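The following exercises are to be worked with the sequence and the coordinates at hand. Each task is followed by a solution in steps.

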Amino acid sequence: MFGLIQLAGYKRSASNAPKIAGYCTVQGFLRSTSRAISAGLILAIIGGCQSSDDPKAQMSQSDPLAVPALGNVEYHTYVLANELFADLRPSRQARYAVAGFVPVDTMKYNKNDQHPLMMLGHQLEQGMMTEATKRGFTTQEFKLSNDIIVNDESDRVLTRNIDQLSDIERVDFYITGTLVYQQSGAVVNARIINVRNKDVVAAATRFFPAEIFWEEERVTSRNGRLYRTEGGR
């Protein structure tokens, strides 16, 4: 506005020549200032977009691996399920039954084993049932009893008593796996098996650290003998 007023004065009088220089100076200042502000706004917007939309930045802030392993079994089960179900799509006609994950050498649970991950097979059975159901797969609870079982300590509907089990409906796929115990954890090999032809339609592998249930110990059991480990926390 100041420059326009000066320009109008120049047209009316020839003695306003010095004001023309002032007009040009003001106009140049305004142009340079607007360019600087525009550049600053562009850089600010770009920086804001990079900080909010960069997946690597978000992953580094919320990566569960940065959390101690203790109590993080849900995360490892989730990642294992992502790999296992990556190429499968839910179907209303297909029914899935999740069986226990067992040690690869014995194929059965050993209650006398004192490995830190001795309960991992049971937890994986429960966790994979949860993950499959959340992804839309129809899972069947084959340990369901015919009635509610009530006693002095509890009331429940799940049982391992064959005589109390309800009839099993048609099952099309089994979800199960094996455990390979190691000194610092266990390798879990999960698979989905077609009941009719025994084809493995999906498989996944993930390492589960020993500290997901118990903190690292200086004394551990291996092949029925006790061993003292070095460098415990």
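**Exercise 1. Strand pairing**

How many bridges join β1 to β5, and do these strands run parallel or antiparallel? Continue from β5 to β6.

*Solution.* The model is a predicted one.
- Step 1. Strands β1 and β5 run parallel and are joined by 6 bridges. As an example of the register, V98 has I175 in β5 as its bridge partner.
- Step 2. From β5 to β6 the sense is antiparallel, with 10 bridges. Here T178 has its bridge partner in β6, namely N189.
- Step 3. The connection between β5 and β6 is a hairpin through 2 residues.

**Exercise 2. A second hairpin**

Establish how β3 and β4 pair and how they are connected.

*Solution.*
- Step 1. Strand β3 covers residues 144-150 and strand β4 residues 155-158; their pairing is antiparallel, over 3 bridges.
- Step 2. V150 is bridged to D155 in β4.
- Step 3. A hairpin through 4 residues leads from β3 to β4.

**Exercise 3. The length and burial of α5**

Check the span of helix α5 against its number of residues, then determine which of its residues are buried and what covers them.

*Solution.*
- Step 1. Helix α5 comprises 15 residues, 120-134. At 1.5 Å a residue, the expected span is 21 Å.
- Step 2. The end C-alpha atoms of α5 lie 21 Å apart, so the model agrees with the expected span.
- Step 3. The buried residues of α5 are L120, G121, L124, E125, G127, M128, M129, E131 and A132.
- Step 4. To read such a list, recall that an α-helix has 3.6 residues a turn, so residues three or four places apart point the same way.
- Step 5. The cover over the buried residues of α5 includes helix α4 (73-84) and strands β1 (95-103), β2 (138-139), β5 (173-182), β6 (185-194) and β7 (200-209).
- Step 6. After α5 comes G136, with a positive phi near 95°.

**Exercise 4. A residue of α4**

Is T77 buried or exposed, and with which residues is T77 in contact?

*Solution.*
- Step 1. T77 belongs to helix α4.
- Step 2. The relative accessibility of T77 is 3%; the cut-off for burial is under 20%, and T77 therefore counts as buried.
- Step 3. Neighbours within four places in sequence aside, the contacts of T77 are L124, G127, M128, E131 and F208.
- Step 4. Among these contacts, L124, G127, M128 and E131 also appear in the list of buried residues of α5.

**Exercise 5. Aromatic pairs around Y96**

Characterise the ring pairs that Y96 forms with F137 and with F173.

*Solution.*
- Step 1. The whole structure holds 3 aromatic pairs.
- Step 2. Y96 and F137 are edge-to-face, with 5.2 Å between centres and 80° between planes. Y96 is in strand β1, whereas F137 is in the loop between α5 and β2, 41 residues apart.
- Step 3. Both members are buried: Y96 has a relative accessibility of 5%, and F137 has a relative accessible area of 4%.
- Step 4. Y96 and F173 are stacked, with 5.0 Å between centres and 20° between planes. Because Y96 lies in β1 and F173 in β5, this pair ties together parts 77 residues apart in sequence.
- Step 5. F173 is also buried, at 15% relative accessible area.
- Step 6. Ring pairs link F85, Y96, F137 and F173 into a cluster.

**Exercise 6. Confidence**

Over which residues does the pLDDT stay under 50?

*Solution.*
- Step 1. The chain has an average pLDDT of 76, and 61% of the residues score at least 70.
- Step 2. Residues 1-24 stay under 50, with 10 contacts beyond four places in sequence in the model.
- Step 3. Residues 49-64 are likewise below 50, and this stretch has 6 contacts beyond near neighbours in sequence.

Terms used
Residues are numbered from 1 along each chain as its sequence is written. This is a predicted model: local features need pLDDT of at least 70, side-chain atom pairs count only at pLDDT 80 or more; totals for chains, interfaces and linings use all residues. Side-chain values use heavy atoms; hydrogens and water are left out. The expected span of a helix is 1.5 Å times one less than its number of residues. Buried means under 20% relative accessible area, exposed over 50%, partly exposed in between (1.4 Å probe, protein chains only). Contact means heavy atoms within 4.5 Å. Two strands pair if DSSP finds at least two bridges between them. pLDDT is the predictor's confidence in each residue, from 0 to 100. Rings of Phe, Tyr and Trp (its six-membered ring) pair if their centres lie within 6.5 Å; planes under 30 degrees apart count as stacked, over 60 as edge-to-face and the rest as tilted.
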